[in-house]
Amino acid sequence: MKNRYIKRSHISEYKFRQIIKLFVADLEAKQIASLCNVNINTINRLLNLLRRRIAVICEEESIFESGEIEIDESYFGARRIRGKAGRGAGGKTIVFGLKKRNGRVYTQVVTNCSARQLIPIIQDKISEDSTVYTDGFKTYDGLVNMGYKKHYRISHGNNEFANGRNHINGIENFWGIAKSRLNKFRGLSKRTFYLHLKECEFRFNHRNEDLYKYILHVLTKNPL
């Protein structure tokens, strides 16, 4: 059956568009399968392919022009383990994030929050003439010496969360949106977490666009 959006598909274009419309509405795979009368395994396979394509799009869009950039890390996953809270909390996936004010967000899963891990990402994604905002975490101590002369810090440890333009409220707002959305999946495996995280990033970055039309346009040019 010919389908311009996906190679070697047994699903009609009409049915596929219906699936994409429900995906954009953020329904779960089980709901999509039921509403479209398509086998759940087929839906899961299609959504996995789609999320992989979305992750590629996110990586292609990830270079930031100069501007005001907020930087932060967050912890996703298991509930807090007793005696381990905040940075270093056990059983969690660490995500590093950059957000341009009034612009896009970029996320990357990291194994720790050391300068060795985070600084190369900053240098790869953000130009040195940018204005950078972080909290007081020690990893960011050397940014000025690395060329980021406009580095401002907010001291969460002293209950300081905003001082004029000095804040990281934008990236922290994204963390809240992403965690709220991912919670509905009631636990994600490490194998699929990255793809769902990138989907959150994609939805946020294209929040002012018609995602249904955007996805179909992308897949018309380069089918799954």
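This is a short walk through one predicted model, from the whole chain down to single residues.

I'll start with the overall picture. The chain has 224 residues, and 46% of them count as buried. Its secondary structure comes to 7 helices and 5 strands. If you read along the sequence, the order is α-α-α-β-β-β-α-β-β-α-α-α. Taken along the principal axes, the C-alpha atoms fill a box of roughly 60 × 40 × 30 Å. One more figure for the chain: among contacts with a separation of 6 or more, 58% are between residues 24 or more positions apart.

Now to helix α4, which runs over residues 115-125. Which residues of α4 are buried? They are Leu118, Ile119, Ile121, Ile122 and Lys125. These residues sit on the same side of α4, because they cover an arc of only 160 degrees around the axis. As background, an α-helix has 3.6 residues a turn, so residues three or four places apart point the same way. What do the buried residues of α4 pack against? Their partners are helix α3, residues 40-60, and the three strands β1 (68-77), β2 (92-100) and β3 (105-110).

Staying with α3, the next item is how it meets helix α7, residues 211-221. In general, two packed helices are described by the angle between their axes and the distance between the axes. Here the axes of α3 and α7 come within 12 Å and cross at roughly 90 degrees. That crossing makes α3 roughly perpendicular to α7. On the α3 side the contact is made by Leu50, Arg53 and Ile57, and on the α7 side by Tyr214, Ile215, Val218 and Leu219. By type, the residues of this contact are 6 nonpolar, no polar and 1 charged.

Next, the aromatic residues. The structure holds 8 aromatic pairs. One of them is Phe174 with Trp175, a tilted pair at 5.8 Å centre to centre and 50 degrees between the planes. Phe174 and Trp175 are both buried. Another pair is Phe202 with Tyr214: the ring centres are 5.8 Å apart and the planes are at 50 degrees, so this pair is tilted too. Where do its two members lie? Phe202 is in helix α6, residues 190-205, and Tyr214 is in helix α7, 12 residues apart, and the pair links distant parts of the chain. Phe202 counts as buried because its relative accessibility is 2%. We have already met Tyr214, as one of the residues α7 uses in its contact with α3.

There is also one aromatic cluster, formed by Phe76, Phe174, Trp175, Phe193 and Phe204. Two of those names, Phe76 and Phe193, come back when we look at Thr93. Thr93 has its place in strand β2. Is Thr93 buried or exposed? Its relative accessible area is 14%, and so Thr93 is buried. Leaving aside its neighbours within four places in sequence, Thr93 is in contact with Ser74, Tyr75, Phe76, Val109, Lys190 and Phe193.

The remaining residues are in loops or before the first helix. Phe137 is found in the loop between β4 (131-135) and β5 (150-154). Although it is in a loop, Phe137 counts as buried at 16% relative accessibility. Its C-alpha atom is 9.9 Å from that of Glu73, and the two residues are 64 apart along the chain.

Asn159 is found in a later loop, between β5 and α5 (169-183). With a relative accessible area of 66%, Asn159 is exposed. Asn159 and Gly67 are 92 residues apart in sequence, and their C-alpha atoms are 26 Å apart in space.

Finally, two residues with positive phi. Arg8 is not a glycine, yet its phi is about 50 degrees. Arg8 lies in the segment before α1 (13-24) and counts as exposed, at 77% relative accessibility. Asn102 is the second: its phi is near 60 degrees, again positive in a residue other than glycine. Where is Asn102 found? It is in the loop between β2 and β3, and at 82% relative accessibility Asn102 counts as exposed.

That is the end of the walk-through.

Terms used
Residues are numbered from 1 along each chain as its sequence is written. This is a predicted model: local features need pLDDT of at least 70, side-chain atom pairs count only at pLDDT 80 or more; totals for chains, interfaces and linings use all residues. Side-chain values use heavy atoms; hydrogens and water are left out. Buried means under 20% relative accessible area, exposed over 50%, partly exposed in between (1.4 Å probe, protein chains only). Helices (H or I, at least four residues) and strands (E, at least two) are DSSP runs, numbered from the N terminus. The arc is that of the directions from the helix axis to the C-beta atoms. Contact means heavy atoms within 4.5 Å. Axes are lines fitted to C-alpha atoms, for helices over the stretch in contact, and angles run from 0 to 180 degrees between N-to-C directions. Angles under 35 degrees count as roughly parallel, over 145 as roughly antiparallel, 65 to 115 as roughly perpendicular and the rest as oblique. Ala, Val, Leu, Ile, Met, Phe, Trp, Tyr, Cys and Pro count as nonpolar, Asp, Glu, Lys and Arg as charged, and the others, Gly among them, as polar. Rings of Phe, Tyr and Trp (its six-membered ring) pair if their centres lie within 6.5 Å; planes under 30 degrees apart count as stacked, over 60 as edge-to-face and the rest as tilted.
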